[in-house]
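Please open the model in a viewer and keep the sequence panel beside it. The tour below proceeds by selections, and each stop states what is to be found there.

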Amino acid sequence: MWGPIAWKLFHGMGARAGRGSEKLRRDEEREILWLIKNMESIIPCEECRRHIGAYKKENIPKNSGEVGEWIWTFHEEVNRRLGKPAGPAFTKSLGEKTDIRETWREYNEILKKELLLGNCRSELVSGWGRHFKLWSTFL
């Protein structure tokens, strides 16, 4: 099951977005916004990828400071669409305790299986992984 760990990763990223050092802020912002713009690259469900793309056409964060709330709002939209209960209220610390590097490793193991099933494209997953590793160095 890839959904819960994907949300854990995204919320962990959102909690850290825009918190890099002032000296590296533009680089950090460029990378986190790239990750958001390409997040469907690591989602193994075709229908979910379409929903992400449609949501991003109407709603996209303009800077790294908006990423955490954007992820929370998107997650709430998914919960509503699936008839699930609402999650916890948004706070800037939502996902803060997540070890995002370890969560990426866990999610990457799931993605390896999904790649074998043909549910993701390896070049997109590896590209997203490279950008994630670069972004995480700014933290």
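**The whole chain**

For a chain of 139 residues, a compact globule would have a radius of gyration near 14 Å, and the protein chain agrees with this, at 14 Å. The model shown is a predicted one. Display the C-alpha atoms alone: along the principal axes, they fill a box of roughly 40 × 35 × 30 Å.

Next, colour the chain by secondary structure. Six helices and zero strands appear, so that the order from the N terminus reads α-α-α-α-α-α. A surface display adds the outer view: the accessible surface comes to about 8,100 Å², and carbon and sulfur atoms hold 53% of that surface. As for the interior, 40% of the 139 residues count as buried. Among contacts with a separation of 6 or more, 73% join residues 24 or more positions apart.

**First selection: helix 5**

Select residues 100-116, which form helix 5. This helix has 17 residues, and at 1.5 Å a residue they should span 24 Å; the end C-alpha atoms are 24 Å apart, in agreement with that value.

Which residues of helix 5 are buried? They are Ile100, Thr103, Trp104, Tyr107, Leu111 and Glu114. Turn the view to look down the axis of helix 5: the buried residues fall within an arc of 95°, and therefore they line one face of the helix. On the face turned away from this buried side, select Lys113 and Leu116, which are exposed.

To see what covers the buried residues of helix 5, add residues 3-16 and residues 122-137 to the display. The cover includes helix 1, at 3-16, and helix 6, at 122-137.

**The two ends of helix 5**

Move to the N-terminal end and select Asp99 with Arg101. Asp99 caps this end of helix 5, with a side-chain oxygen 3.2 Å from the backbone nitrogen of Arg101. Keep Asp99 in view and add Thr103: the backbone oxygen of Asp99 lies 2.8 Å from a polar atom of the Thr103 side chain.

Thr103 belongs to helix 5 and is buried, since its relative accessible area is 1%, under the 20% that sets the limit. Apart from residues up to four places away in sequence, Thr103 touches Ile5, Lys8, Leu9 and Thr98.

Then follow the helix to its other end. Just after helix 5, Gly118 takes a positive phi of about 80°.

**Second selection: helix 6**

Select helix 6. Its 16 residues should span 22 Å at 1.5 Å a residue, and the end C-alpha atoms, 23 Å apart, agree with this. The buried residues here are Val125, Gly127, Trp128, Gly129, Phe132, Trp135 and Ser136. Their cover includes helix 1, helix 2 (25-37) and helix 5.

Now centre the view on Trp128, a residue of helix 6. Is Trp128 buried or exposed? At 0% relative accessibility, Trp128 counts as buried. Show its surroundings, leaving aside neighbours within four places in sequence: the contacts of Trp128 are Leu9, Phe10, Met13, Trp34, Leu35, Asn38, Met39, Ser41, Ile42 and Trp104. One of these contacts, Trp104, is also among the buried residues of helix 5. Another contact, Trp34, is 94 residues from Trp128 in sequence, while the C-alpha atoms of the two are 8.7 Å apart in space.

**Third selection: Leu33 in helix 2**

Select Leu33, which is found in helix 2. Leu33 counts as buried, at 13% relative accessibility. Its contacts, with neighbours within four places in sequence set aside, are Pro61, Lys62, Asn63, Ser64 and Val67. Add Phe132 for orientation: Leu33 and Phe132 are 99 residues apart in sequence and 11 Å apart in space, C-alpha to C-alpha.

**Last selection: Asn79 in helix 4**

Finally, select residues 67-82, which make up helix 4, and within them Asn79. Asn79 is buried, with a relative accessible area of 9%. Which residues does Asn79 touch, not counting those up to four places away in sequence? They are Lys84, Pro85 and Gly87.

Notes: Residues are numbered from 1 along each chain as its sequence is written. This is a predicted model: local features need pLDDT of at least 70, side-chain atom pairs count only at pLDDT 80 or more; totals for chains, interfaces and linings use all residues. Side-chain values use heavy atoms; hydrogens and water are left out. Helices (H or I, at least four residues) and strands (E, at least two) are DSSP runs, numbered from the N terminus. The expected span of a helix is 1.5 Å times one less than its number of residues. Buried means under 20% relative accessible area, exposed over 50%, partly exposed in between (1.4 Å probe, protein chains only). The arc is that of the directions from the helix axis to the C-beta atoms. Contact means heavy atoms within 4.5 Å. A polar contact is a pair of N or O atoms within 3.5 Å; within protein, one must be able to donate a hydrogen and the other to accept it, and residues adjacent in sequence count only if both atoms are side-chain atoms. The radius of gyration is taken over C-alpha atoms; the globule rule is 2.2 Å times the number of residues to the power 0.38. Accessible areas come from the Shrake-Rupley method with a 1.4 Å probe; for residues, only the protein chains shown count as cover.
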